[in-house]
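User: I should like to go through this model by question and answer. Please reason briefly each time and close on the value or name requested.

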Amino acid sequence: MLSYILRRFLGAIPTLFVIITASFFMMRAAPGGPFNLDRPLDPTVMANLNRVFHLDEPLFTQYLRYLRNLLAGDFGPSFIYRDFSVGDLFANGLPVSIQLGGGAIALALLVGVTAGVYAALRQNSFADYFVVATASIGTTIPTFVVAPILSLVFGVWLGWLPAGGWGDGAIANKILPIVTLALPQIAVIARLTRGATIEALRSDHVRTARAYGLPARSVVITHTLRASILPVISYLGPAAAALVTGSVVVETIFGIPGIGRFFVQSALNRDYTLVMGTVVVIAIFVVIFNLIVDLLYAWLDPRVRLD
Amino acid sequence: MSVSDTTAPVPAAGEGRSLWQDAWRRLRRNKAAVLSALVLAVVILAAVFGPYVVPHAYDTVYSNYVRTPASLEPYPRADAIEPEIRAALRRARVDIASIAVADGVATVEVTSEREIDPRVTRYLERSDLFTNGAVQRLSDDRRSATLTADVQQFHFYLGTDGNGRDMLARILVATRVSLAIGILATAVALVIGVTYGAVAGYFGGKVDDVMMRIVDVLYSLPFIFFVIMLVVFFGRNFVLMFIAVGAIEWLDMARIVRGQTLALKRREFVQAAEALGVENAGILKRHIIPNTLGPVVIYMTLMVPRVIILESFLSFLGLGVQEPLTSLGVLIAEGARNIEGATWLLVYPAITLALVLFALNFLGDGLRDALDPKDR
């Protein structure tokens with residue numbers, strides 16, 4: 001088990017390397033630079049800035065320098081957020097994004113799996129149609145519509161929750177962002193669970209369990225639930241990585257200091273180190289979550305071997 | 001499905017139904033799909049012709065009507081006219097005796113210490129609210145007069161935005177832009193994806209390997225990073241927007257078409273064409289691509305809403321369509337910034353976008369059910 005985990009991490013290194021290299025050179029190929037402002041800087045100032053940040057060196061030297069620093073755990077200074085290193089920005093923003101993303105994953109699993117199993121047990125009933133219809137609404141309406149509408153209804157009209165802001169992490173401030181992040185995931189998870197449960201209910205071992213006269217509750221919990229959350233687990237891998245690395249839409253609309261905003265802002269401002277840092281962090285989370293998914297999968301389905 | 005279909009007329013012997021006729025019949029029986037098609041038709045007609053019909057242009061600024069709420073009543077309100085008249089006549093050095101407004105005409109009785117110049121109506125006309133100012137009655141001593149002016153009445157059925165532009169006109173134009181980008185980008189993705197997939201699948205071997213590895217690499221890059229890089233390279237340009245979006249969306253299409261092609265190229269009619277010495281390009285054009293169209297059509301209807309979401313998302317971030325032109329994403333972004341005071345800026349564009357997306361999705365699902373041969 002431990003050696004498997006170790007091997008998986010070693011196996012991820014070449015992937016990370018390719019991703020870092022590709023995004024480094026893509027970013028540098030884009031026209032413009034971090035110090036190209038609307039009002040051009042004085043050429044000597046520009047030259048000094050470029051020298052301080054090593055932007056005057058040949059591109060390949062910069063690339064090697066970046067890799068070397070990265071290995072030592074140094075993401076470098078941010079070009080746009082002066083006085084902050086990219087590491088500082090992540091240290092401040094990542095906990096926020098992880099709290100919201102983690103909350104959203106938990107909520108989505110709880111509601112999605114429950115709704116999916118419930119709909120499957122009452123297939124073709126009103127409750128089933130209701131779940132399926134709501135799920136199709138949930139997957140159709142994009143987050144950037146849901147977020148402001150939730151903020152409008154619960155924040156402005158009803159006044160139950162703050163319409164935005166982080167409020168130093170007060171629970172009330174987290175509810176709307178978490179719900180917004182969870183809604184599309186709930187829709188997908190409910191659909192997946194419903195499909196897998198319907199299939200599991202028809203399988204031989206469930207029929208046998210019923211024939212033995214086991215109570216319906218224990219048939220569902222011990223014999224079908226395991227099978228019904230397998231597709232959810234494999235779906236959640238990449239989705240969870242996206243959730244904990246923050247959503248630019250949710251963070252913009254609710255005014256949350258997470259790391260989701262960095263990607264768009266830094267790419268547009270040519271904040272090279274911050275872009276690279278974001279790419280690296282996202283890639284690492286994808287690797288971690290894929291590993292967790294595989295471990296969970298092997299635990300839930302003993303037929304799957306880890307090698 | 002066809003087993004229980006006893007009410008449908010049985011085709012005469014020897015007269016077969018084609019795949020498309022079959023699909024069309026099944027589509028018409030799907031109520032959600034038919035309703036969606038109707039909704040979509042109405043939305044498209046409104047988006048194409050609506051901007052010519054509504055009384056305001058989408059970029060005309062009414063500086064007197066910034067952020068007016070949606071209403072069926074005409075603006076200005078009666079209680080807003082009086083202060084405007086007083087403000088307009090303040091510089092005319094007349095005393096206002098009475099003000100009456102009826103049927104879009106304001107009547108003002110004025111008196112003055114000095115003789116009233118008939119040109120006093122110019123002061124009224126200076127305000128954007130009034131036109132056709134006229135002196136109806138001038139007393140013999142020229143110390144009192146009755147002035148009339150037509151009140152410029154505007155209808156803002158969906159309110160106005162923060163710059164005083166009519167929301168109805170803006171939503172119609174935005175829908176037009178969003179739909180146009182959705183359809184054009186899908187067309188771009190279609191051409192690239194179908195050609196790429198068919199070529200990769202048909203030639204197979206090394207060519208296929210290399211071509212599909214390229215697709216895999218593009219797949220594995222973070223999606224948003226890819227989009228932003230395209231925007232960074234192409235700039236915030238409306239025309240290049242949909243090319244960029246289409247250039248991302250072709251990946252799935254290429255995979256689907258490749259899979260279809262792999263199955264098709266082993267079929268007898270392709271081998272027959274090869275035996276007859278038809279050129280590769282000819283086989284692709286005449287035999288392979290037409291036979292992949294079923295799944296491609298299904299995929300296409302589901303791609304249009306995805307492209308619209310993507311475009312709206314980019315516009316929401318300020319990377320897409322630029323002012324004064326607008327798209328549903330731009331309007332929603334603006335609405336989201338103003339929800340505290342001006343809810344209509346968010347509600348109507350959001351409803352429009354949701355309507356379009358629902359209609360497209362249900363139509364796409366209906367088409368898939370109608371065209372999927374496994375369902376028979």
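User: What percentage of the 376 residues of chain B count as buried?

Analyst: The model is a predicted one. Chain B is built of twelve helices and four strands. A residue is taken as buried when its relative accessible area is under 20%. Among the 376 residues of chain B, the share that counts as buried is 46%.

User: What share of the contacts in chain B with a separation of 6 or more comes from residues 24 or more positions apart?

Analyst: One pair separated in sequence is B:I181 and B:G246, which are 65 residues apart along the chain and 9.3 Å apart in space, C-alpha to C-alpha. For contacts in chain B with a separation of 6 or more, the part due to residues 24 or more positions apart is 72%.

User: Is B:I181 buried or exposed?

Analyst: B:I181 is placed in helix α5 of chain B. Its relative accessibility is 1%, and the limit for a buried residue is under 20%. B:I181 therefore counts as buried.

User: How far apart do the C-alpha centres of domain 1 and domain 2 of chain B lie?

Analyst: Domain 1 of chain B comprises 32-59 + 159-375, and domain 2 comprises 78-151. Between the C-alpha centres of these two domains of chain B the distance is 57 Å.

User: How many residues of chain A are in contact with chain B, and which helix supplies the largest share of the side of chain B that touches chain A?

Analyst: On the chain B side, 28 residues take part, and they are in contact with 30 residues of chain A. There are zero salt bridges between chain B and chain A, and zero residue pairs in polar contact with both at pLDDT 80 or more. At least two residues each of the side of chain B that touches chain A come from α7 (223-234), α10 (280-316), α11 (328-337) and α12 (344-371) of chain B. The largest share, nine residues, is supplied by α12(B).

User: What percentage of the area buried between chain B and chain A is given by carbon and sulfur atoms?

Analyst: By class, the side of chain B that touches chain A has 23 nonpolar, three polar and two charged residues. The area buried between chain B and chain A is about 2600 Å², and the part given by carbon and sulfur atoms is 88%.

User: Which helix of chain A is included in what covers the buried residues of α11(B)?

Analyst: Nine of the ten residues of α11(B) are buried, so this helix is largely enclosed by the rest of the structure. Among the buried residues are B:L328, B:V330, B:I332 and B:E334. Their cover includes α5 (167-203), α10 and α12 of chain B, together with a helix of chain A, namely α6 (143-157).

User: How many residues apart in sequence are the parts tied together by B:R258 and B:D208?

Analyst: The side chains of B:R258 and B:D208 meet in a salt bridge at 2.7 Å, N to O. B:R258 is partly exposed at 22% relative accessibility, whereas B:D208 is buried at 7%. Since B:R258 lies in helix α8 (residues 238-264) of chain B and B:D208 in helix α6 (residues 205-220) of chain B, the separation of the parts that the salt bridge ties together is 50 residues.

User: Which residues are joined into one network by salt bridges that share partners?

Analyst: B:E249 and B:R306 form a salt bridge at 2.9 Å, N to O, and this pair links helix α8 with helix α10 of chain B, 57 residues apart. B:R306 also forms a salt bridge with B:D252, with the closest N and O atoms 3.7 Å apart, which lies within the 4 Å limit for a salt bridge. The resulting network consists of B:E249, B:D252 and B:R306.

User: Which of the three counts as buried: B:E249, B:D252 or B:R306?

Analyst: B:R306 has 32% relative accessibility and counts as partly exposed. B:D252, at 25%, is likewise partly exposed. At 7% relative accessibility, the residue that counts as buried is B:E249.

User: In which loop of chain A does A:N124 lie?

Analyst: A:N124 has a positive phi of about 65° although it is not a glycine. Its place is the loop of chain A between α4 (86-121) and α5 (126-140).

Notes:
Residues are numbered from 1 along each chain as its sequence is written. Chains are lettered from A and ligands numbered from 1 in the order in which they are written. This is a predicted model: local features need pLDDT of at least 70, side-chain atom pairs count only at pLDDT 80 or more; totals for chains, interfaces and linings use all residues. Side-chain values use heavy atoms; hydrogens and water are left out. Contact means heavy atoms within 4.5 Å. Buried area is the accessible area (1.4 Å probe) that two parts lose on being put together, summed over both. A polar contact is a pair of N or O atoms within 3.5 Å; within protein, one must be able to donate a hydrogen and the other to accept it, and residues adjacent in sequence count only if both atoms are side-chain atoms. Ala, Val, Leu, Ile, Met, Phe, Trp, Tyr, Cys and Pro count as nonpolar, Asp, Glu, Lys and Arg as charged, and the others, Gly among them, as polar. Domain bounds come from an automatic or database domain assignment. Buried means under 20% relative accessible area, exposed over 50%, partly exposed in between (1.4 Å probe, protein chains only).
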